[in-house]
Each structure stands twice: as C-alpha cells, then as structure tokens.
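Me: Can you walk me through this one? I'd like to know where the labels come from.

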Amino acid sequence: MNFDHLLLGFSLATTPVNLMFAFLGVLLGTIIGALPGIGPSAGVALLLPVTFGMSPVTAMIMLAGIYYGAMYGGTITSVLINTPGESASVMTTLDGYQMALKGRAGAALGMAALGSFIAGTLSVVLLTLSAPPLAEWAVTFGPPEYFALMVLGLTTLASLTGGSMLKGLAMAMAGLLMGTIGIDLMMGQPRYTFGQVELLDRLDFLPVAVGLFAIAEILSNIYRPVRVEPIKATLSGLLPTRQDWRDSWGAIGRGTLIGFFVGVLPGAGATISSFLAYAAERRVSRRPEQFGTGVIEGVAAPESANNAASTGALVPLMALGIPGSGTTAVMLGALTLYGLQPGPLLMSTHPEVFWGMAASMYVGNVMLLILNLPLAPVFASILRIPYAVLIPIIIGISMFGVYSVENSVFNVAVAILFGGIGFVMRMYNYPPAPLVLALVLGPMVEKALRQSMQMSLGSPDIFVTRPVSAGILAFALLAVLYPVFAALWSRRRGRAVASAG
C-alpha cells in the first residue's frame with residue numbers, strides 16, 4: 001500500500017466540506033435505512049442529483065456515507081418493529097426483535113452499532129490493502145480482457161439478483177439494448193432515436209435509475225402498504241454488558257471476514273453475507289438451539305457482515321469497474337456522470353477519488369457510531385411519520401433532482417415512464433439492478449468488443465487465445481451454469497432419497 005496515497009486521502013477527507021458531506025451522507029443513509037421499503041439502492045439513486053455540482057471526491061464520499069449509513073439504519077426497524085429496512089437486515093430480526101421483546105432493545109442496537117463500527121473499520125483497512133494491487137494487475141488489460149471483465153460483471157449480477165437467473169439475464173439484455181440508443185461512436189450514425197434529439201446523446205442513466213429504484217419503490221409501497229406497529233420496546237442500556245462482549249467478539253470477527261470476502265464477489269452483496277454469517281455463527285456456537293430466541297451474537301454476526309460487505313463491494317467497483325451490488329451499480333453510473341471512466345485506470349488517473357473516499361470511510365464509521373448510540377430513539381421516531389406525508393416529499397425530491405441536472409422535462413418524463421416499468425417489474429419479480437448496470441456498461445462493452453474485433457481482423461478467437469480473457473470468460477460461463485447444475489443435482493438427489501425411502 002502506498003502510504004502517500006493514503007495520506008492524500010486523509011488530507012482530502014478531513015477538509016471541512018468533505019467532513020460535512022460525509023456526516024450528511026451517514027445521517028441521510030441512516031434515515032433512509034430506517035424507513036421500511038426504501039433501501040440503500042433507492043436512497044443512493046434518489047439523492048444522486050444532489051451531488052451534481054460537487055467535486056467527484058465529495059460526491060463519492062457522500063454516496064458512500066449514504067450506502068453504509070443505510071446498512072445500520074435498517075437495523076433500527078429490524079430490532080424495534082420486526083421489519084427490516086432492507087434485505088441485508090432480515091437476519092437481524094430473528095434475534096434482535098426477540099431481544100427487544102425481552103426489554104433489551106438498547107443492548108441489541110448498541111451491539112449492532114459497535115459491531116458495525118468495528119467491522120466497517122476493519123473492512124476499510126482490507127479495502128485499502130487489496131484494491132490497489134488488484135487495480136495495478138488489471139491496468140495491463142487490453143480490449144479483449146476488458147470485454148471479458150464486463151461480461152463477468154453482467155453475468156454474476158444477473159445470476160444473483162432477484163432469485164431467477166433467467167429474469168436477471170433478461171433484464172441485463174434489455175439494458176444492453178437500451179445502451180445502444182444514441183450516436184454510434186464509430187460510424188457516427190444515430191440509432192433507435194426515433195427523431196428525438198434528446199436521445200442522440202444516449203439514454204441518460206439518472207432518470208432511468210431514479211424511476212426504476214425510487215419511484216417504483218414508492219408505487220410498490222402504495223400498492224402494498226408497509227404496516228408499522230407502534231414501538232413498544234424500551235431503549236435503555238445501549239452499552240452492551242461485559243458478558244455481551246464475551247459472547248459477541250468472535251461473531252464480530254467472523255462476520256467481518258465473511259462479509260468482506262463475500263462482498264468482494266461481484267453480485268453477492270450484503271444480503272447473502274448476512275445469511276452466511278448468521279449460519280456460520282449458529283454452527284460454531286455452544287448454544288445453537290437458542291438462536292432465534294434473542295441471543296446477542298445473532299445480532300452481532302449479521303450486522304458486522306452486512307457492514308463489511310458494503311465496503312467489500314467497493315473493491316471490484318473501484319479496482320475493476322464491476323459493481324458488487326445494486327447500490328454499487330448506481331454508484332458506477334454516478335462515476336460516469338461525473339465524467340470519470342470506471343475501471344482499473346480510475347485509481348491511477350484519479351487517485352484522489354478512491355483514496356479520498358476510502359479515508360472518509362474511516363472517519364464516517366466514527367460518525368456513524370457517535371450518531372447511532374445516543375440518537376437511536378430519534379431515528380426510531382421517524383417511523384411515526386405517516387407514509388402519506390413522506391410520499392409527496394420523496395417524489396418531489398426525485399422530480400426536482402432529475403429536472404435540475406439538465407433542466408430537461410424530457411428526463412422527468414423518462415423517470416416517470418421507468419417508474420411505471422419498474423413497478424410492473426417488481427410485481428413480476430424482475431430485478432432492476434442488472435438493467436441499470438447493463439445500461440451503464442453497454443456502451444463500454446460495445447466499444448471493447450468492436451476494438452477487439454478490429455485487433456483480430458474480425459476473428460472471435462482473440463477472446464479464447466489470450467489467457468486472461470479466456471479465464472475470465474470461463475468464470476463467467478461457470479457463474480451462469482452453476483445454478484442450472486445445482487438445480488439438476490438437487491433434483492437428482494431428491495429422486496434418489498425418494499426412491500430409497
């Protein structure tokens with residue numbers, strides 16, 4: 001690790017402006033996470049227009065703060081009302097809510113905050129150690145390797161979001177097709193613009209993301225209202241006892257490692273890491289039969305894992321340009337909006353963006369701890385605001401943000417259109433993240449593909465004769481075929497058990 005770069009990052013992260021936006025990011029992230037049904041992806045998409053006009057460093061610091069702030073915010077609703085603010089907090093409800101029913105909501109929230117702080121800080125150390133060498137290796141890539149890398153990102157995210165690989169791939173394909181709209185960079189001809197001047201410069205990422213994530217989320221919550229029961233738990237005793245620490249140290253350490261390394265895998269994300277951490281903790285525990293009845297390590301493990309995973313997901317995003325989750329897919333689009341090219345060259349051409357964001361996460365985790373220990377009851381009171389009051393506020397912020405970027409009514413119409421499309425997609429369980437990711441990566445995939453074909457004079461052999469691109473493509477194929485083989489194996493095993501019985 002180059003300590004000069006880390007010092008550069010701290011010099012940027014500790015400026016008054018960046019400290020203010022880091023604080024604003026973790027504060028807004030916590031509020032967004034505490035609101036059932038919003039989640040970090042919609043929150044980052046919703047607040048993305050607010051970052052326009054900022055420097056890319058400040059903008060990424062704020063977006064990262066929203067991301068890991070939302071990870072903790074979801075814990076509050078999981079513990080107090082048995083309703084996870086987002087999917088990564090589902091496992092926390094099992095023991096967190098049971099602790100609240102026993103009058104230990106304060107200890108559950110306190111351990112979640114402290115575990116998230118420890119896991120977040122350790123995972124930022126791992127991020128600063130692992131991302132630079134990965135980017136240095138990847139910087140030697142040519143167009144065929146870039147093409148293979150982007151195909152890997154599309155296939156892994158498509159296969160791991162929404163539960164259905166086919167639906168994920170279908171959404172990725174739709175995003176790729178939408179990415180072809182606009183002027184052909186090599187031939188200079190307009191494609192699929194249907195006479196609309198606004199489409200000549202491609203379909204803008206922002207209104208699509210705001211529509212699919214933020215507006216569709218609101219429509220979905222109107223269609224299926226989230227029921228919030230009155231808070232009955234007390235919040236006394238936020239600091240865990242000595243016995244709580246003895247029970248939780250191992251869970252925090254294991255959750256951090258599981259969360260970070262699962263988060264690094266493209267497409268895995270915080271939700272899977274929290275499930276794995278909870279399952280691992282139950283397996284190694286001396287009292288596995290008590291899990292689900294309110295044991296504190298059942299809160300510490302998934303909370304540490306989901307916070308570490310949110311940091312781990314930034315490794316492939318910043319080093320390779322591959323998002324590890326739906327939220328980082330939105331952040332990838334944000335980088336392009338700031339005029340930056342995601343990928344291995346980002347860390348060498350704009351080191352201030354990566355190191356400023358990484359250093360701010362050390363500071364942001366301290367802010368998150370200071371905010372959440374004494375102010376958990378305040379964040380919990382947000383749940384008393386009627387959803388009917390929140391809806392017009394969120395829609396107003398969304399529309400204003402989309403319009404203000406280019407003063408374009410057309411973009412507002414696109415956001416509303418994709419809000420409706422996103423609502424229908426949610427009704428039929430089609431994930432929006434692969435579509436948004438493919439829309440961002442599509443032009444880059446096309447450019448790398450066409451450059452590769454020019455290099456090889458039209459022969460596709462170039463992708464399999466170069467070892468790195470062949471290896472990455474083989475891994476991508478494995479990512480697509482693995483669920484199919486796993487299902488066939490499970491069916492065959494089930495038949496064998498049935499015939500034996």
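Reply: Sure, starting with empty space: the largest cavity holds about 70 Å³. This is a predicted model, where local features need pLDDT of at least 70, side-chain atom pairs count only at pLDDT 80 or more, and totals for chains, interfaces and linings use all residues. Residues are numbered from 1 along each chain as its sequence is written, and side-chain values use heavy atoms, with hydrogens and water left out.

Me: What makes a space a cavity?

Reply: On a 1 Å grid over the protein atoms alone, a cavity is a set of points where a 1.4 Å probe fits but cannot get out. A search of the whole structure finds one cavity of 30 Å³ or more.

Me: Which element gives the most to the lining of the largest cavity?

Reply: Helix α7 does, with three residues. Lining residues have an atom within 4 Å of a point, and among them are Y146, L149 and M150.

Me: Why is F485 called exposed?

Reply: Exposed means over 50% relative accessible area (buried is under 20%, partly exposed in between; 1.4 Å probe, protein chains only). F485 has 52%, so F485 is exposed. F485 lies in helix α21, residues 467–500.

Me: How do you know that the length of helix α5 agrees with what it should span?

Reply: The expected span is 1.5 Å times one less than the number of residues. For the twelve residues of α5 (90–101) that gives 16 Å, and the end C-alpha atoms are 17 Å apart, which agrees. Just after α5, G103 takes a positive phi of about 85 degrees.

Key. Helix = DSSP H or I, 4+ residues; strand = E, 2+ residues; numbered from the N terminus. 1 Å grid on protein atoms, 1.4 Å probe; cavity = no way out; pocket = protein on both sides within 12 Å on 5 of 7 lines; lining within 4 Å. Points joined across faces, edges and corners; volume = space filled by probe spheres on them.
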